Amino acid sequence: QNFRKLFNILQGKDIRLGENILGYYEDLIESRKIKKLITDSFKGKRQIDIERHQSGEKDPKYYEVRYNPIKGDDKNVIGVTVFITDITQSKEAEKETQLINEKLAEQVKKKEQFEKILRSNNNFLNTVIDTIPSPFYFQNKSGVVQGCNISFTEDLLGKTKADVIGRTITQIINDIPNLELIAFIENDEMLLSIGGMKTYEA
């Protein structure tokens with residue numbers, strides 16, 4: 001009874017026992033498709049077809065039609081069963097998932113573009129900083145060096161940027177034998193804690 005109801009929805013006709021199912025398909029292309037599905041099922045192959053049905057202004061409905069071969073005791077196919085299942089909800093969920101994935105992909109793309117621009121800006125900033133002839137560095141409130149120029153690392157400290165950036169000033173001081181430089185950095189730490197400005201002459 002449920003099959004008859006769903007078949008009526010799809011084809012607009014009441015199916016009756018003892019009649020050729022292909023006679024219910026007026027569209028030649030659709031009829032050929034169904035014939036092939038049934039023929040392949042009689043060859044022992046399970047077939048699945050997804051049909052879309054829309055009535056007027058209503059949202060489309062989706063139905064899964066399964067063709068399963070029936071085998072006798074001698075393993076030969078003696079018939080075919082046809083099951084129709086309304087899969088509209090799963091299709092809608094699939095579309096919703098696809099939309100979410102597309103939005104996530106777009107966000108990832110934008111994030112990658114932003115990171116590319118940021119890297120480009122950082123590279124430009126580092127180039128500008130390296131052109132400053134005087135030793136230069138900047139740190140956060142925790143005393144961790146966030147950036148510096150080559151004059152600070154190579155000329156003053158005899159180190160690379162990788163040796164300095166990401167380390168605290170205290171850690172850097174421990175590796176520096178220059179007492180004047182130690183005093184200079186310690187003064188910076190004091191200014192960082194109490195605020196103000198101090199000018200050095202070189």
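How many residues lie between S2 and S3 in their hairpin? Let's start there, everyone, and keep in mind that this is a predicted model.

The hairpin of S2 and S3 has 5 residues between the two strands. In that turn, lysine 75 has a positive phi of about 70°. The strands themselves cover residues 61–71 for S2 and 77–86 for S3, and they pair in the antiparallel sense over 9 bridges. If you'd like one spot to look at, find valine 65 in S2, which stands opposite isoleucine 84 in S3.

Now let's step back to the sheet. Its 3 strands come in the order S1-S2-S3, the sheet is open, and the pairing is antiparallel. S1, residues 47–53, and S3 are at the edges with a single partner strand each, so each has one side without a neighbour in the sheet. On average, neighbouring strands are turned by 20° against each other, direction ignored.

Next, the helices. H2 lies across S1, S2 and S3 and runs at about 155° to S1. H3, residues 88–130, also lies across these three strands, at about 120° to S2.

What about the nonpolar residues? In general, nonpolar side chains in soluble globular proteins tend to be buried together. Here, the largest nonpolar core has 11 residues, including Ile34, Leu37, Val65, Tyr67 and Ile84. Helix H2, residues 28–42, and S2 each supply at least two residues of this core. Apart from that core lies another, of 9 residues, with Val145, Leu157, Ile169 and Ile172 among them.

One last residue to visit is tyrosine 67: leaving aside neighbours within four places in sequence, its contacts include Ile34, Leu37, Ile38, Arg46 and Val80.

Terms used. Residues are numbered from 1 along each chain as its sequence is written. This is a predicted model: local features need pLDDT of at least 70, side-chain atom pairs count only at pLDDT 80 or more; totals for chains, interfaces and linings use all residues. Side-chain values use heavy atoms; hydrogens and water are left out. Two strands pair if DSSP finds at least two bridges between them. Helices (H or I, at least four residues) and strands (E, at least two) are DSSP runs, numbered from the N terminus. A nonpolar core is a set of buried Ala, Val, Leu, Ile, Met, Phe, Trp, Tyr and Cys residues joined through side-chain atoms within 4.5 Å. Buried means under 20% relative accessible area, exposed over 50%, partly exposed in between (1.4 Å probe, protein chains only). Contact means heavy atoms within 4.5 Å. Axes are lines fitted to C-alpha atoms, for helices over the stretch in contact, and angles run from 0 to 180 degrees between N-to-C directions.
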